[in-house]
Amino acid sequence: MTGDRAARASLLDRMVGDGLAWLDAARADFRLPPDVTTDADPDLTLKPLGELAELTCLISTSHPREDLRRAADGLFAFAWNETRDGELFAELVRGEPHATYPVEIYGVFARAGLRNPAVESLLAATTGLRGWRVAREDHTRTLGVLNAERRIGLEPHARFTAVLELTGLGLMPEPWALDRKGAYGLTHDVFHLTDWGRDPGRLSRAHADYLRLWLPAWLENWLDEELWDLVAELLAVTACLPDAPYDPAVWQRLAGAQAADGSVPDLGTGSASGDRSAYFTSRYHSTLATAFAGTLTRIALDAIGGGEGAPVHESEVAP
């Protein structure tokens with residue numbers, strides 16, 4: 001590894017390691033409340049835990065460094081434990097048979113081989129109902145559901161490629177008109193298509209060329225706004241491109257936003273640490289996204305340099 005590449009790898013590893021350390025210290029904030037199946041807001045309870053599971057699962061199996069894989073694996077095991085070995089999903093599905101979020105989160109664990117027989121039996125029934133095929137609020141969300149169905153081994157309720165054609169990525173709209181909501185949607189189109197960066201080869205050449213051309217401009221825009229979680233997501237998308245480009249200035253800007261405790265604020269400098277709940281809410285997603293982007297970029301860096309960390313494409317199921 002050349003000196004330049006070694007310096008980049010060192011920066012990425014430090015950012016991932018510091019982020020995982022903060023996430024580990026924040027385990028109490030990820031814990032689920034007793035009323036999670038009744039009155040609790042899933043966006044404030046299950047969503048953070050699901051994101052923790054999704055991204056630490058990727059890091060735990062893909063990062064070139066063993067110590068960082070171990071740290072991520074501990075967090076992933078913690079997330080599964082919080083679901084009571086999956087029993088929570090059975091309760092959620094019984095309460096909301098048509099809800100997609102229990103299926104999407106359970107799919108993360110099922111992909112890793114962690115399954116619950118009661119959940120499997122329930123999902124075989126509920127995902128076969130006509131109501132399950134009612135259109136979601138957007139096509140990107142449908143891609144997430146289809147990816148979850150694939151991970152679990154369920155019959156897909158729609159054709160992935162047909163839905164992809166209707167998303168921001170599939171339509172490749174005028175790049176100058178991409179707003180914040182559209183940008184988040186586009187990053188997740190890429191994540192669902194590539195199974196969160198595990199199989200970047202699923203990106204078509206047309207999609208890859210479109211992204212390669214416009215990602216620098218989009219990054220510059222949201223760097224100016226200091227919207228760090230979107231910057232991290234766009235960097236993760238960049239790492240999925242063939243011969244993934246690496247912009248040292250962009251990574252230095254994101255590294256500069258990472259606090260001494262390892263967390264990354266969603267926007268600007270984030271909430272003050274005096275309000276623990278607000279501090280966690282304003283940082284957990286961007287910290288996870290930074291660790292995720294750092295991992296994919298590190299893998300791409302090794303792949304380009306011929307290192308041992310070259311990614312393995314898992315294309316056993318075509319989208």
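## Exercises on a predicted model

Let's start with a pair: the side chains of aspartate 302 and arginine 298 form a salt bridge, at 2.9 Å from N to O. Keep in mind that this is a predicted model.

### Exercise 1: Place the pair

Work out where aspartate 302 and arginine 298 lie, and whether they are buried or exposed.

**Solution.**
- Step 1: Find the element. Aspartate 302 and arginine 298 both belong to helix H16, which covers residues 284–305.
- Step 2: Look at the spacing. The two are 4 residues apart, about one turn of the helix.
- Step 3: Check the burial. Both aspartate 302 and arginine 298 turn out to be buried.

### Exercise 2: A bridge between distant parts of the chain

Find out which parts of the chain the salt bridge of aspartate 195 and arginine 151 ties together.

**Solution.**
- Step 1: Look at the bridge itself. The side chains of aspartate 195 and arginine 151 meet at 2.7 Å, N to O.
- Step 2: Locate each partner. Aspartate 195 sits in the loop between helix H11 (180–193) and helix H12 (205–224), and arginine 151 in helix H8 (residues 139–152), so the pair ties together parts that are 44 residues apart in sequence.
- Step 3: Decide on burial, where the cut-off is under 20% relative accessible area. Aspartate 195 has 3% relative accessibility, so it counts as buried. Arginine 151 has 8%, so it is buried as well.
- Step 4: Widen the view. Arg151 and Asp195 are part of a network of salt bridges that also links Glu54, Arg111, Arg150 and Arg198. The structure as a whole holds 22 salt bridges.

### Exercise 3: Another salt bridge

Say how glutamate 87 and arginine 94 meet, and classify each by its accessibility.

**Solution.**
- Step 1: The side chains of glutamate 87 and arginine 94 form a salt bridge, with 3.8 Å from N to O.
- Step 2: Glutamate 87 has 27% relative accessibility, so it counts as partly exposed.
- Step 3: Arginine 94 has 48%, so this residue is partly exposed too.

### Exercise 4: Two packed helices

Describe how helix H3 and helix H4 pack.

**Solution.**
- Step 1: Take the geometry. H3 (residues 46–62) and H4 (residues 66–82) pack at an angle of about 145°, and their axes are 8 Å apart.
- Step 2: Add the handedness. H3 and H4 make a left-handed crossing.
- Step 3: Look at who meets whom. On the H3 side, the residues in contact include Leu49, Leu52 and Ile59, while H4 brings in residues including Leu68, Leu75 and Phe76.
- Step 4: Sort the contact residues by kind. They divide into 11 nonpolar, 4 polar and 3 charged.

### Exercise 5: Into the core

Pick out the residues that touch the most other members of the largest nonpolar core, then follow tryptophan 218 to its contacts.

**Solution.**
- Step 1: The largest nonpolar core has 98 residues, and Phe30, Leu211, Trp218, Trp222 and Trp251 touch the most other members.
- Step 2: Ask which helix gives the most to this core. That is H13 (residues 228–239), with 9 residues.
- Step 3: Now leave aside the neighbours of tryptophan 218 within four places in sequence. Its contacts are then Pro175, Leu178, Leu186, Tyr210, Leu211 and Leu234.

### Exercise 6: One threonine

Locate threonine 126 and list what it touches.

**Solution.**
- Step 1: Threonine 126 is in helix H7 (residues 117–126).
- Step 2: With 8% relative accessibility, threonine 126 counts as buried.
- Step 3: Not counting residues up to four places away in sequence, threonine 126 touches Val93, Pro97 and Trp132.

Key. Residues numbered from 1 in each chain as written. Predicted model: local features only at pLDDT ≥ 70, side-chain atom pairs only at ≥ 80, totals over all residues. Heavy atoms only, no water. Axes fitted to C-alpha atoms, helices over the stretch in contact; angles between N-to-C directions. Left-handed = near helix turned anticlockwise from the far one by under 90°. Contact = heavy atoms within 4.5 Å. Nonpolar A, V, L, I, M, F, W, Y, C, P; charged D, E, K, R; others polar. Core = buried A, V, L, I, M, F, W, Y, C linked by side-chain atoms within 4.5 Å. Buried < 20%, exposed > 50% of the residue type's maximum accessible area, 1.4 Å probe, protein only. Salt bridge = Lys/Arg side-chain N within 4 Å of Asp/Glu carboxyl O.
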